[in-house]
Amino acid sequence: MFDPFYPFDWLAIQIVTQLFGLSLKSHLGASLHFFLYDVPKILTLLLTISFLVGTVQTFLQPEKIRNWLGGKRTIFGNILAALVGIITPFCSCSAVPLFIGFLEAGVPLGVTFSYLISAPMVNEVAVVLLWGLFGLKVTLLYIGFGVGLAIASGFIIGQLRLEQWVEPFVWELQKVRQNESPDGNEIEIPMTWTQRFQQSQYSASEIFKSVWPYVVGGIAIGAGIHGYAPAELITHWAGRGNPLAVPIATIIGVPLYANIAGVLPITEALVNKGMPLGTVLSFTMAVTALSLPEMVILRKVLRPQLLMVFISLVTLGIISVGYLFNAIL
Amino acid sequence: MSSIKIEVLGSGCKKCQQLNENVQRAIASLGIEAEVRHITDPIEIAKRGVMSTPALAINGKVVIKGRVILPEQIQPLLSS
């Protein structure tokens with residue numbers, strides 16, 4: 001298979017074998033090669049893709065998305081919301097304002113949830129890393145199943161008519177908003193192409209700056225596992241022989257507020273030692289889609305029952321997807 | 001000239017703090033009188049019609065949403 005990053009691979013091999021005189025089969029040699037190949041590969045992918053995605057994102061303001069999704073009560077709304085969630089950035093700190101903003105504008109509850117699940121789960125950092133570490137096919141499966149899960153969960157929540165479990169003040173705010181003129185207190189500043197590129201350059205470098213220590217650290221740990229950990233240990237606990245690996249990985253991942261950039265390189269090493277890819281993908285979904293801080297924040301707008309339904313539905317969905325992955329891959 | 005009322009809207013993640021810093025730097029460079037409030041309560045933020053943080057409001061009007069801008073880009077907004 002053609003590997004566009006072959007130059008990094010070649011360079012890593014040269015450094016390990018020629019400069020250090022180590023065999024690629026030795027523990028240290030294998031670790032070093034893993035590290036020297038993955039670091040430039042992942043960082044390059046990260047910069048390029050976050051720049052491209054950042055440019056696209058300058059066209060997608062939340063207000064526009066909210067207007068697109070407003071009033072779309074059918075499953076088409078869930079599909080649109082989940083697809084749009086792929087490209088838009090998501091910060092846990094915006095979860096509440098975004099949730100309120102969507103509901104105020106008449107976006108149905110279920111459709112809002114489809115967006116809330118898809119946006120953090122399918123983010124450019126996770127996609128870049130999955131692609132760089134596991135290849136395009138795995139990445140597309142992750143995106144496909146992630147979007148499917150977002151659509152299904154959001155649709156189910158919509159059908160269950162759980163509006164009464166949203167904190168009442170949110171509906172009060174909606175009434176207030178509808179009495180005001182829309183966008184009455186805003187000055188829109190339209191962007192030129194230069195400004196768009198400035199913005200995407202800025203957001204790409206911000207992502208890079210905040211993520212690179214985790215990537216390098218994660219790859220270092222992964223390199224250690226790759227070179228030194230015995231495969232039998234990994235396959236015993238997380239391998240195909242353990243049917244509970246998927247639920248355990250998911251339940252561990254759900255409350256975690258970990259930087260996926262550091263976690264994924266470690267999982268690559270575990271996969272090489274025999275951990276099934278489906279278990280890894282479930283873990284990735286669980287870490288990105290939900291986190292304890294996000295749940296605490298969402299509690300401000302969701303009553304406990306709705307929060308529990310949301311978390312349980314997504315968790316069960318991720319576990320099912322994990323088993324499905326392991327069956328397919 | 002009465003002082004400008006500035007609100008930095010953000011729940012405390014790194015981007016929001018960066019915008020706050022940039023606002024302080026812009027004010028210092030221009031040497032103007034300004035009252036800066038950092039709003040962290042997500043519900044207060046939502047009430048102002050903002051859906052993605054960080055955001056910047058000057059004298060009650062939201063001018064920047066969902067991104068951090070540099071002090072040099074903030075200065076013209078404060079002067080007008």
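**Close-up 1. Contact between helices α5 and α6 of chain A in the predicted model.** Ala95(A), Phe99(A), Phe102(A) and Leu103(A) on the side of α5(A) meet Leu109(A), Thr112(A) and Leu116(A) on the side of α6(A). By class, the residues of this contact of α5(A) with α6(A) comprise six nonpolar, one polar and no charged. Helix α5 of chain A spans residues 95-104 and helix α6 of chain A spans residues 109-121, and the two pack with their axes 10 Å apart at an angle of about 150 degrees. Because angles over 145 degrees count as roughly antiparallel, α5(A) is described as roughly antiparallel to α6(A). The crossing in which α5(A) passes α6(A) is right-handed.

**Close-up 2. Phe99(A) and the largest nonpolar core.** The core contains 107 residues, and those that touch the most other members are Phe99(A), Ile117(A), Val125(A), Leu129(A), Ile260(A), Ala286(A) and, from chain B, Val23(B). Helix α8 of chain A, residues 136-159, contributes the largest share of this core, with nine residues. When its neighbours within four places in sequence are left aside, Phe99(A) is in contact with Thr112(A), Leu116(A) and Val301(A); of these partners, Thr112(A) and Leu116(A) belong to the α6(A) side of the helix contact shown in the preceding view.

**Close-up 3. Surroundings of Ala261(A) in helix α13 of chain A.** Ala261(A) lies in α13(A), which covers residues 260-272. With 24 other C-beta atoms within 10 Å, Ala261(A) is buried, since the cut-off for that class is 20 or more. Not counting residues up to four places away in sequence, Ala261(A) touches Val125(A), Leu129(A), Val211(A), Tyr214(A), Val215(A) and Gly218(A), and two of these partners, Val125(A) and Leu129(A), are also among the core residues that touch the most other members. The C-alpha atom of Ala261(A) is separated by 7.0 Å from that of Ala126(A), although the two residues are 135 residues apart along the chain.

**Close-up 4. The contact between chain B and chain A.** Chain B gives 24 residues to the contact and chain A gives 21 residues. On the side of chain B that touches chain A, the elements that give two or more residues are α1 (14-30), α2 and β4 of chain B. The largest share of that side comes from α2(B), with five residues. Sorted by class, the side of chain B that touches chain A has ten nonpolar, eight polar and six charged residues.

**Close-up 5. Backbone features in two loops of chain B.** Thr53(B) and Pro54(B) are joined by a cis peptide bond, for which omega is about 0 degrees, and Pro54(B) is found in the loop between α2 (42-47) and β3 (55-58) of chain B. Asn59(B), in the loop between β3 and β4 (61-65) of chain B, has a phi near 50 degrees, which is a positive value in a residue other than glycine. Asn59(B) has 12 other C-beta atoms within 10 Å and is therefore exposed, the limit for that class being 12 or fewer.

**Close-up 6. Positive phi at Arg161(A).** Arg161(A), a residue other than glycine, has a positive phi, near 55 degrees, and is found in the loop between α8 and α9 (168-179) of chain A. Arg161(A) counts as exposed because it has 10 C-beta neighbours inside 10 Å.

Methods. Residues are numbered from 1 along each chain as its sequence is written. Chains are lettered from A and ligands numbered from 1 in the order in which they are written. This is a predicted model: local features need pLDDT of at least 70, side-chain atom pairs count only at pLDDT 80 or more; totals for chains, interfaces and linings use all residues. A nonpolar core is a set of buried Ala, Val, Leu, Ile, Met, Phe, Trp, Tyr and Cys residues joined through C-beta atoms within 7 Å. Helices (H or I, at least four residues) and strands (E, at least two) are DSSP runs, numbered from the N terminus. Two residues are in contact if their C-beta atoms, placed from the backbone, lie within 7 Å. Axes are lines fitted to C-alpha atoms, for helices over the stretch in contact, and angles run from 0 to 180 degrees between N-to-C directions. Angles under 35 degrees count as roughly parallel, over 145 as roughly antiparallel, 65 to 115 as roughly perpendicular and the rest as oblique. A crossing is left-handed if the near helix is turned anticlockwise from the far one by less than a right angle, and right-handed if clockwise. Ala, Val, Leu, Ile, Met, Phe, Trp, Tyr, Cys and Pro count as nonpolar, Asp, Glu, Lys and Arg as charged, and the others, Gly among them, as polar.
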